[in-house]
Amino acid sequence: MTQYSRLATREVKVGDLLLGNFHPIRLQTMTTTDTLNTLATVEQSIRCIEAGAELVRITAPSRNEAENLLNIKNELRKRGYHTPLVADIHFTPNAAEIAARIVEKVRVNPGNYVDKKKFEQIDYTDAEYLEEIERIRERFTPLVRICKEYGTAMRIGTNHGSLSDRIMSRYGDTPMGMVESAMEFLRIARSETYHNIVLSMKASNPQVMVQAYRLLIQQMDAEFGECYPLHLGVTEAGDGEDGRVKSAAGIGTLLEDGIGDTVRVSLTEDPEFEIPVCRDLVKRYTDRRSTATSIPVVDKIPYSPFTYQRRESFAVSNIGGKQVPVVVADMSKVDAITPAHLQGIGYTYDAVTDKWNISDAAADYIFTGHQVLDFALPGTLKVLVYPATWATADDREKYFPIFDASGYVSAEEKSDTLNFVMLDCFSDETSINDFTYLDELANDTKVVLCFSSKNPHAMPAVRRMFLELMNRKIQNPVILITDSNWQTTDEHLIHYSTECGALFLDGFGDGICLGMTPDSYQALAKGKQDTSGRNYSSNTSVEQFINATAFTILQATRTRISKTEYISCPSCGRTLFDLQETTARIRSVTNHLKGVKIAIMGCIVNGPGEMADADFGYVGSGPGKITLYKGKDIMKRNIDSEIAVAELINLLKENDAWIEPVN
């Protein structure tokens, strides 16, 4: 948890590709074409391979698609592409058995492969439970034996939203239920001495996903004394910044701990755009060998990594305690800040009415460094400045000092209500001194700590400082400060989401402040793009990008909800409508519904099961037909797609989840 090392896993062979056993973390994606359209699937697979995919997954929902995998494979090989193919199986054992004789790997979902998933509450006796497991053994063993005979690898891929009735009856919709669902299938495979297996624990909620992977590792180690390779992913992450941030928060948290042998980022975008995001996630660990010795070893962690519980802290003003994490916008690189600059962080000034409009994603504080602003601030906004600048500020209700640790201890003048104190966590330069100041800062009810780290392994260094606070029973609130020295928007999103998301998912952090090194700031301001070509400099300031990212990280980690959440599958050959276009259309009419979770699923395989904890669902049920859900209950069945978005709005209205947008 504080010392980086790769998790030791078994070696698995997928065609000529080796997974696990400290081999490089492999990148993969999934096609979105109709599997029966051989040429389209081949062409898209080639685009993915040329983008860097080391495995390509193709859906095989029935016998016909499974059989056509041979034509796809032959055409790819004919064109000189030998990347291993993976058949994605959900409901159909016979399709899996066909595919296993053709491609290099099959993926089965234990929640709906043989097992029943009808969302019925059924109580199973022990005898009935064992009887169902025996039934699974009878149906699953033939596939295991085929894979063993043909040298085919298998992924046992559990999804949070598609646990079977039997698992739900005993474990509920929990990470432990996900683990047991996979372990049942793994035990059957091991009984056949078949070990060419990869496992995954996917959820649309990164919190659940991280807990499930950690529990799975613990369970495999306890039961078998070894671990199988792990495929990491956040399912139905969505598109754009939301999809990237949610994926990086979940996947990055595990990669930071040395967990993961292959990754797939599930974006509602063309699959070739997933690969550069995977690469940006993985490249951070290419040369990471072990954590720097400046991070002290801890014998026992004072919290459970398997459940979420926010670290206890007392409140200082609006920071800490039971309050949602605050957002601090770093505006120190803006010369001569004006009211117009605040628009990028959620505050719009109307000169005619002399009033401020404040958005749901408005920063709570701004850091201006040496600037005292020459205009009246919105009522809720406060300013952090350096101590010398604070000493010149007339408004002590709006302006607060930010010290380094030694500066605060020795300062003659401090705020009577709120002081920010920066600590560099366990870097080689300053950690020893800052560490000794903890006792003097401990439980000062006017101090908010600000943690950052110059350590090359910053996240575990900051996490280690949180453990120190907990062990010493220091309950000051803490703001996470993370700077990025990367270049592109995707790289920044992944850096911020991994460094901060990992800590928020563990219950650490009462606020967030994101910044950039001067070179990175200038690069983004001049128009660096992300991997799908989106450019932020034309209409979006760097400050707006950073502020939006901070709120998106809090949303993804479920620590502060400020906008509508979309759970959107990445499309595949089963999708029954244009998922990207439909997602954009639904976003455009519902993005003002703060806190509402809407799932947009391409087909009945992904919905309703993998919508997990969505409030409402929009699911393809046939060509040109949509079924609408409230939770997992069908509310409107087989609606024409032309009117389905309007009917979704009606459903929201009927359930008091709709408010009229403000023009």
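How many disulfides does the structure hold? With a disulfide taken as a pair of cysteine sulfur atoms within 2.5 Å, the structure holds 0 of them. The model is a predicted one, in which local features need pLDDT of at least 70 and side-chain atom pairs count only at pLDDT 80 or more, whereas totals for chains, interfaces and linings use all residues. Residues are numbered from 1 along each chain as its sequence is written, and side-chain values use heavy atoms, with hydrogens and water left out.

The chain contains 18 helices and 25 strands, these being DSSP runs numbered from the N terminus (H or I of at least four residues for helices, E of at least two for strands). Of its 663 residues, 60% are buried, where buried denotes under 20% relative accessible area, exposed over 50%, and partly exposed the range in between (1.4 Å probe, protein chains only). Among contacts, defined by heavy atoms within 4.5 Å, those with a separation of 6 or more come to 68% from residues 24 or more positions apart. The exposed area of the chain is about 25,000 Å², of which carbon and sulfur atoms supply 48%, as computed by the Shrake-Rupley method with a 1.4 Å probe.

Nonpolar cores were delineated as sets of buried Ala, Val, Leu, Ile, Met, Phe, Trp, Tyr and Cys residues joined through side-chain atoms within 4.5 Å. The largest such core has 87 residues, and those with the most contacts inside it are Phe140, Leu143, Met154, Leu199 and Met220. Helix α7 (residues 206-224) gives the most to this core, contributing 10 residues. When residues up to four places away in sequence are not counted, Leu143 touches Ala96, Glu97, Ala100, Val106, Val108, Tyr113 and Met154. A second, separate core comprises 68 residues, including Val245, Ala393, Tyr399 and Ala461.

Helix α14 (residues 489-505) has 17 residues and should therefore span 24 Å at 1.5 Å a residue, in agreement with the 23 Å between its end C-alpha atoms; the expected span is 1.5 Å times one less than the number of residues. A kink of about 25° is nevertheless centred on Thr498 in α14, the bend at a residue being the angle between axes fitted to the seven residues ending there and the seven starting there. Because 17 of the 17 residues of α14 are buried, the helix is largely enclosed by the rest of the structure. α14 is followed by Gly507, whose phi is positive, near 90°.

Cys500 counts as buried at 0% relative accessibility, and its sulfur lies 9.3 Å from the closest cysteine sulfur, in Cys513, which is too far for a bond. Cys147 likewise counts as buried, at 0% relative accessibility.
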